[in-house]
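Please work through the following exercises with the sequence and the three-dimensional model at hand. Attempt each task before reading its solution.

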Amino acid sequence: LYLTPAAAQSWNAMRSEALSVYGVDLYPGGPASAYRTYAQQAQLYQAFLGGFGAPANPPGTSSHELGTAVDVPTLAMRSVIDQIGWKYGWGKAHAPGEWWHVDYIGGG
């Protein structure tokens with residue numbers, strides 16, 4: 001899935017360490033779990049407002065639309081990112097109530 005070039009390069013380096021050191025692969029939880037278009041974000045936001053979707057920001061305000069966020073599908077992945085993500089510029093900057101959401105902050 002699409003991320004900005006810097007975010008993708010850092011994600012791939014972090015993924016390599018996660019696999020070799022922890023035996024955990026890091027990948028997005030689905031087709032809308034990394035970059036999203038404005039229209040995709042609007043659809044997810046409407047589902048959330050309708051009570052049948054996961055929490056989602058209004059379109060135009062999500063870091064997913066910038067290609068700098070990933071939603072991971074497991075707590076094991078999130079745990080590894082919490083341990084090593086800082087080295088690669090990944091951590092928690094947005095969506096405090098969403099354990100699955102991580103952001104590329106930069107500097108990795």
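The exercises below concern a predicted model and treat its nonpolar core and its salt bridges in turn.

**Exercise 1. The nonpolar core**

Task: State how many residues the largest nonpolar core has, and determine which helix gives the most to this core.

Solution.
Step 1. The largest nonpolar core has 18 residues. Those with the most contacts inside this core are L3, W11, M14, L26, V70, I81 and W90.
Step 2. Two or more residues come from each of helix 1 (5-22), helix 3 (75-88) and strand 3 (101-104).
Step 3. The most is given by helix 3, with five residues.
Step 4. As background, nonpolar side chains in soluble globular proteins tend to be buried together.

**Exercise 2. The surroundings of I81**

Task: List the residues that I81 touches, leaving out residues up to four places away in sequence.

Solution.
Step 1. With those sequence neighbours left out, I81 touches W11, M14, L26, V72, W86, W90 and V102.
Step 2. I81 is also among the residues with the most contacts inside the largest nonpolar core.

**Exercise 3. Salt bridges between parts of the chain**

Task: The structure holds four salt bridges. For R15 with D25, and for D71 with R36, give the N to O distance, the location of each partner, and its exposure.

Solution.
Step 1. The side chains of R15 and D25 form a salt bridge with an N to O distance of 2.5 Å.
Step 2. R15 belongs to helix 1 and D25 to the loop between helix 1 and helix 2 (38-49), so this pair ties together parts that are 10 residues apart in sequence.
Step 3. Residues from 20% to 50% relative accessible area count as partly exposed. R15, at 31%, is partly exposed, and D25, at 25%, is partly exposed as well.
Step 4. In the salt bridge of D71 with R36, the closest N and O atoms are 2.9 Å apart.
Step 5. D71 lies in strand 1 (residues 69-71) and R36 in the loop between helix 1 and helix 2; the pair links distant parts of the chain, 35 residues apart.
Step 6. D71 is buried, with a relative accessible area of 8%, and R36 is likewise buried at 8%.

**Exercise 4. A salt bridge within one helix**

Task: Explain why D82 and R78 are separated by about one helical turn, and decide whether each is buried or partly exposed.

Solution.
Step 1. The side chains of D82 and R78 meet in a salt bridge of 2.7 Å, N to O.
Step 2. D82 and R78 are separated by about one helical turn because they are four residues apart in helix 3.
Step 3. D82 is partly exposed, at 48% relative accessible area, whereas R78 is buried, at 13%.

Methods:
Residues are numbered from 1 along each chain as its sequence is written. This is a predicted model: local features need pLDDT of at least 70, side-chain atom pairs count only at pLDDT 80 or more; totals for chains, interfaces and linings use all residues. Side-chain values use heavy atoms; hydrogens and water are left out. A nonpolar core is a set of buried Ala, Val, Leu, Ile, Met, Phe, Trp, Tyr and Cys residues joined through side-chain atoms within 4.5 Å. Buried means under 20% relative accessible area, exposed over 50%, partly exposed in between (1.4 Å probe, protein chains only). Contact means heavy atoms within 4.5 Å.
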